[in-house]
Amino acid sequence: MSVVTSVFTLAEPDREAALVPRLAELTERHRRACEPYRRILDAIGAAPAYERVADFPWLPVRMFKTHELRSVPADQVFRVLVSSGTTGAPSRVHLDREAAAAQPRMLAATLRAVLGGRRLPMLIADTRSVVRDPTLSARGAGVLGMMNLGRDHTFVLDEQGRVDAEAVGGFLRRHGSEPFLIFGFTFMVWLHLRGLGADLSQGTLIHSGGWKRLTEQAVGNAEFRRTLAEECGLTRMHNFYGMVEQIGTIFLEGPDGDGLYCPDFATVVVRDPETWEEAPPGTPGLVEVVSTLPTSYPGHVLLTEDLGVVHGVDDGVWPGKRFSVLGRLPRAEARGCSDVYAQAEPGAVVPGGARAAEPGEAVVSGRGGGRL
């Protein structure tokens with residue numbers, strides 16, 4: 001039996017103490033190896049003396065749309081990931097073999113906190129055609145990435161985007177009395193799982209993206225969780241937030257739905273958009289995502305275009321910062337794979353999604369409750 005090691009263990013003072021030296025090492029590594037990054041640091045006068053995570057220089061996440069930022073030679077680039085932007089230029093993220101191997105390993109380690117140490121039977125709130133599209137939409141890439149964590153994969157929808165009651169019934173007859181995994185983009189889950197009339201009480205739902213459309217229908221996280229519990233018996237639900245520019249790092253919702261939590265190798269800083277200082281808990285601002293995973297490109301400290309708020313520190317079911325993403329910065333570029341689905345025909349494949357330059361490689365991506 002595999003041993004489950006949690007990545008949600010560090011209280012905030014211990015997290016700071018662990019992250020600061022590693023981030024300093026990464027900053028200098030990228031300064032030496034990535035000329036555009038070095039020029040940026042020189043231009044802002046960044047000095048290699050950092051006492052807190054909030055002291056490190058950040059890059060706007062948008063820069064990965066307009067600049068080639070990599071810290072490995074071109075001949076060592078193993079894979080180039082392309083983001084899920086539905087308008088405008090996509091981001092491009094360069095991975096060497098080491099970074100490409102770390103991404104799925106740390107994603108799996110993060111989700112083991114709620115899924116346990118073995119692969120579970122997996123019900124997917126989507127259609128199989130979404131993973132067959134040669135351009136691999138963001139939805140398809142997200143499904144493929146999560147499929148690595150499950151087994152006996154069963155799709156809720158048929159090839160025409162209609163609920164496949166026979167397939168779902170067969171899955172539940174095989175696995176409905178034991179723990180199983182459910183994955184889907186948030187809007188797809190809301191659209192298709194509620195009407196199944198099925199007992200999903202043994203399932204654990206992992207979902208992300210599509211919150212914009214639900215918010216327009218006055219469906220918030222509390223209503224989402226309450227309705228699925230009442231109609232499907234689902235009580236274990238975890239939203240997540242992440243992005244392709246920090247591939248492998250996700251911020252996972254706690255069991256009680258009380259906010260998103262940071263794994264031990266990552267954190268967030270919410271910044272006041274006028275002063276750029278760190279905002280105190282309870283004060284909204286721009287979300288900065290911090291992770292030690294980006295080793296082949298300078299993506300370890302990124303300022304997003306998302307608004308968020310830290311609700312508390314070391315006061316939840318897991319230690320560290322507990323936060324929520326409130327939405328996109330006004331006038332920021334619209335993005336998100338699941339939000340686009342809501343405007344398309346059921347079963348339609350949304351173009352322009354995240355994909356790997358190498359055929360068949362799964363890249364998880366999305367934005368909303370999360371963008372991975």
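Q: How many salt bridges does the count come to?
A: The model is predicted. Side chains of opposite charge can pair when their charged atoms come close. Here a pair counts when a side-chain nitrogen of Lys or Arg lies within 4 Å of a carboxyl oxygen of Asp or Glu. By this rule the total is 19.

Q: Which residue forms a salt bridge with D152?
A: D152 sits in strand β5 (residues 150-157). Its partner lies in helix α6 (residues 165-175), 22 residues apart. The closest N and O atoms are 3.0 Å apart, and the partner is R174.

Q: Is E253, which pairs with R225, buried or exposed?
A: The closest N and O atoms of E253 and R225 are 3.4 Å apart. E253 lies in strand β9 and R225 in helix α9, so the pair ties together parts 28 residues apart in sequence. R225 is buried at 13% relative accessible area. Buried means under 20%, so E253, at 3%, counts as buried.

Q: What separates E230 and R226 in helix α9?
A: These two form a salt bridge, with the closest N and O atoms 2.8 Å apart. E230 is exposed at 57% relative accessibility, while R226 is partly exposed at 39%. They are four residues apart in the helix, so the separation is about one helical turn.

Q: Which helix gives the largest share of the largest nonpolar core?
A: This core has 52 residues. L111 and L228 are among those that touch the most other members. The largest share is six residues, and they come from helix α4.

Technical notes: Residues are numbered from 1 along each chain as its sequence is written. This is a predicted model: local features need pLDDT of at least 70, side-chain atom pairs count only at pLDDT 80 or more; totals for chains, interfaces and linings use all residues. Side-chain values use heavy atoms; hydrogens and water are left out. A nonpolar core is a set of buried Ala, Val, Leu, Ile, Met, Phe, Trp, Tyr and Cys residues joined through side-chain atoms within 4.5 Å. Buried means under 20% relative accessible area, exposed over 50%, partly exposed in between (1.4 Å probe, protein chains only). Helices (H or I, at least four residues) and strands (E, at least two) are DSSP runs, numbered from the N terminus.
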